[in-house]
Amino acid sequence: MDFILSIVALVIVITIHEFSHAWTANFFGDPTAKLAGRVSLNPLKHLDPMGTIMMFLIRMGWGKPVPVNPYYFKKPKRDEALTALAGPLSNLILAIVIAVPYKYWGYSMVPVIRDFLGILLDVSLLLFLFNMLPFPPLDGSKFVQLLIPKRFERTYENYLRNGMVYFIIFLLFDQFLLARYTGFSFLGQIMGTAFTFLKSAVFLGT
């Protein structure tokens, strides 16, 4: 049952995440995603075949990237960064919304509903945190671009072009070498600490 609930939660969270990218891009003047039918809450519009398979294999997956053409934006740097931020931010907002009924009425809910809300809350926070990491192609790398001083913009653009390679190398080292042989993971430590802090903050805030 937990496995099924996890898959449903992932589909919901990924759908909202990708919809938010598409809606925000359209709001700032880029109709590319809208013309592709991505301004929709229909999960079938957003699920990636390989990402969907991975949901069933490892309980973690991803959606199809939302097409964005920054040439439509009035302020390309700002609007592209905010479009990238929209996805993770929607997951954080969803987690906060879920936390209210889970915190105050969870004890009186049917167990399967309470369990589902708990899983949906955790998945929303994890997807927010993971996507805010400043590595391409994650959303955080594009949002950080908004904060880069003008004199370092070209250097950062080069990083964005090649950053995915660095991220893959880091993941291979962290997960398949360091974690396997020492039991320690930089990514696991960062994500675990941030998740614990953020979840506590969400519940305190509600």
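Three short exercises with worked solutions follow.

The model is predicted: local features need pLDDT of at least 70, side-chain atom pairs count only at pLDDT 80 or more, and totals for chains, interfaces and linings use all residues. Residues are numbered from 1 along each chain as its sequence is written, and side-chain values use heavy atoms, without hydrogens and water.

**Exercise 1.** Describe the surroundings of Asp-174.

- Locate Asp-174: helix H7, residues 153-182 (helices are DSSP runs, H or I, of at least four residues, numbered from the N terminus).
- Check burial and charge. Asp-174 is buried (under 20% relative accessible area, 1.4 Å probe, protein chains only). Asp-174 has no salt bridge (side-chain nitrogen of Lys or Arg within 4 Å of a carboxyl oxygen of Asp or Glu). The nearest side chain of opposite charge, Arg-180, is 12 Å away.
- Look for polar atoms. A polar side-chain atom of Asp-174 lies 3.2 Å from the backbone nitrogen of Leu-187.

**Exercise 2.** Find which residues of the largest nonpolar core touch the most other members.

- Define the core: buried Ala, Val, Leu, Ile, Met, Phe, Trp, Tyr and Cys joined through side-chain atoms within 4.5 Å.
- Read off the result. Among 30 residues, Leu-121, Leu-125 and Leu-198 touch the most other members.
- Assign elements. H1, H4, H5 and H8 each give two or more residues. H5 gives the largest share, ten residues.

**Exercise 3.** Place Pro-67 and state its exposure.

- Locate Pro-67: the loop between helix H3 (49-58) and H4.
- Classify Pro-67. Its relative accessibility is 29%, so Pro-67 is partly exposed (from 20% to 50%).
- Compare separations. Pro-67 and Asp-30 are 37 residues apart in sequence, and 9.5 Å apart C-alpha to C-alpha.

Note on methods. Lys and Arg count as positive and Asp and Glu as negative; His and the chain ends are not counted. A polar contact is a pair of N or O atoms within 3.5 Å; within protein, one must be able to donate a hydrogen and the other to accept it, and residues adjacent in sequence count only if both atoms are side-chain atoms.
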